[in-house]
Amino acid sequence: MAAAPALLTEALETALNAMLTANLEAAEALPALTGRVLCLDIEGLDLQLWLLAAGRRVQVLGEYAGAPDATIHATPLGLMRMSLGGGEALLEGAARITGDTAFAQRLGGLLRLSAVDWEELLARGLGDVAGHQLARLLRAGGDWLRDSAAALEQDLGEYLTEEARLLPASAELEHWLQGVEALRADVDRLEARLRRLEARRAEAGPA
Amino acid sequence: MAEQDTTHFGFQKVPVEEKARRVAGVFHRVADKYDLMNDLMSMGIHRLWKRVTVELAGVRPGDRVLDLAGGTGDLAARFAPQVGDSGLVVLSDINESMLREGRDRLIDEGLVRNTEFVQANAEALPFPDNSFDCITIGFGLRNVTRKERALAAMHRCLKPGGRLLVLEFSHPVNEPLSKVYDLYSFKLLPLMGRVVAGDEESYRYLAESIRVHPDQETLKGMMEQAGFERVEYFNLTGGIVAIHRGYKL
């Protein structure tokens, strides 16, 4: 796995901390998590981001030699949906938490409290890595991701509003996102069934 | 002694014993505006340089890290969360004003559980042999009077397997960039020093001291001379800055 480039982690860290410190509740709650480590394993992009809680700040690293207290495994899509619909994404399997679930949800909660806009952050971050990972991003539907992230920026001023008008309405988009998740889940199930079928055939022995 | 014992202070030659005093004067004067000036002078890029340095250090929980010439604590503030409660970060600077700025900043950020502060001269480190997993010196080595002694002291204090990272201004690797950089550092930099910090002379010194600092290959050689192995360097921003990394094996 390639480490996230310094530009991406720096941009993420700056944005996260700006928003965390702007929120009194989060700023007061964060020091209690000092020393704890959350890993975001972004599936499909082969990218890990490590969030280290430290005093009133969060440090974002592309690589870390220590062990995480918790890991959130999610596609960029799953990550977006976590911030959109709370636990919904978890129930639908778009995101998975391993390790200390309570901590992951606590830090995740603080990030949500601070109105961290994951869609925008990731879109911007992915823009930064585009030079290195263009081919991979295109495969992962990077263009779509950037467009839909822009669509979710309802209140970001004139420029984005005009951009957004070119894109599907948010209800439509939400419906489509659900469709994509359903398809993904179906494929997972189909895969599992195929594996079971193969296993059964192997048990039955050669015909 | 027939040969006068002198060293560089920017482009001037000064007696060896005077350099430390003059450098101290510069940093006493700029301490409270140091972070702001760094942002202005490097257009914010120094944050990325420091981030890459910390990434190359690759510290892990439990490590003991010494940040020399740590100034306002940029590197130490990144290391502290990474080494965790079982680790230790010692922020050290020869200059009391700078060290106080760094200490206040780390305390303000709540990084108090695993940090210590030591005012020390890099040429004569007050630590036992083999006591750190990682030593960093960011934008500090060029201000040290006897660099060979400082490198030897760092080597002594590192544990076997430990690494030294030197983040320092270096020499641009291509000619056009080098021209622009000259113009920037000798005209614009002192001007910014005058306007923002009200102190043109100090910033002129900073620009000049960068020029007389050894280039990439020379510093690599000096580190090898001091006993470091597997020494390599990474040019950043076209060689305006370089990170040297060497191991004590």
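Which residue in S2(A) does Cys39(A) stand opposite? Let's work up to that and then move on to chain B.

This is a predicted model, where local features need pLDDT of at least 70, side-chain atom pairs count only at pLDDT 80 or more, and totals for chains, interfaces and linings use all residues. Residues are numbered from 1 along each chain as its sequence is written, chains are lettered from A and ligands numbered from 1 in the order in which they are written, and side-chain values use heavy atoms, with hydrogens and water left out.

**Exercise 1. Place S2(A) among its partner strands.**

Step 1: Get the terms straight. Helices (H or I, at least four residues) and strands (E, at least two) are DSSP runs, numbered from the N terminus. Two strands pair if DSSP finds at least two bridges between them.

Step 2: Look at one partner. Strand S1 (residues 37-42) of chain A runs antiparallel to S2(A), with six bridges joining them. Here's the answer to the opening question: Cys39(A) sits opposite Trp50(A).

Step 3: Turn to strand S3 (residues 57-61) of chain A. Five bridges join it to S2(A), again antiparallel, and Leu51(A) stands opposite Val60(A). S2(A) and S3(A) make a hairpin with two residues between them, and Gly55(A) in the turn has a positive phi of about 60°.

Step 4: Check the cover. Seven of the eight residues of S2(A) (residues 47-54) are buried; buried means under 20% relative accessible area, exposed over 50%, partly exposed in between (1.4 Å probe, protein chains only).

**Exercise 2. Work out how enclosed H4(B) is.**

Step 1: Set the scene. Chain B has nine helices and nine strands, and 57% of its 249 residues are buried.

Step 2: Go through helix H4 (residues 74-83) of chain B. Ten of its ten residues are buried, so the helix is largely enclosed by the rest of the structure. Among them are Asp74(B), Arg78(B) and Gln82(B).

Step 3: See what comes next. Gly84(B) follows H4(B), with a positive phi near 70°.

Step 4: Pick up a link to H3(B). His46(B) is in helix H3 (residues 45-57) of chain B and counts as buried at 4% relative accessibility. Leaving aside neighbours within four places in sequence, its contacts (heavy atoms within 4.5 Å) are Asn38(B), Asp39(B) and Asp74(B).

**Exercise 3. Describe the surroundings of Asn95(B).**

Step 1: Find it. Asn95(B) is in the loop between strand S4 (88-93) and helix H5 (96-108) of chain B.

Step 2: Buried or exposed? At 3% relative accessibility, Asn95(B) is buried.

Step 3: List the company it keeps. A polar atom of the Asn95(B) side chain lies 3.2 Å from the backbone nitrogen of Met98(B). Beyond four places in sequence, Asn95(B) touches Ala24(B), Phe27(B), His28(B) and Gln119(B).

**Exercise 4. Characterise the lining of the largest pocket.**

Step 1: Define it. On a 1 Å grid over the protein atoms alone, a pocket is an open set of points where a 1.4 Å probe fits, with protein on both sides within 12 Å along at least five of seven lines; lining residues have an atom within 4 Å of a point.

Step 2: Size it up. The largest pocket holds about 530 Å³, a volume being the space filled by probe spheres set on the points, which are joined across faces, edges and corners. Of its 35 lining residues, the closest to the centre are Ala69(B), Asp93(B), Ile94(B), Gly140(B) and Asn143(B).

Step 3: See who contributes. H1(B) gives the largest share, six residues.

Methods. A polar contact is a pair of N or O atoms within 3.5 Å; within protein, one must be able to donate a hydrogen and the other to accept it, and residues adjacent in sequence count only if both atoms are side-chain atoms.
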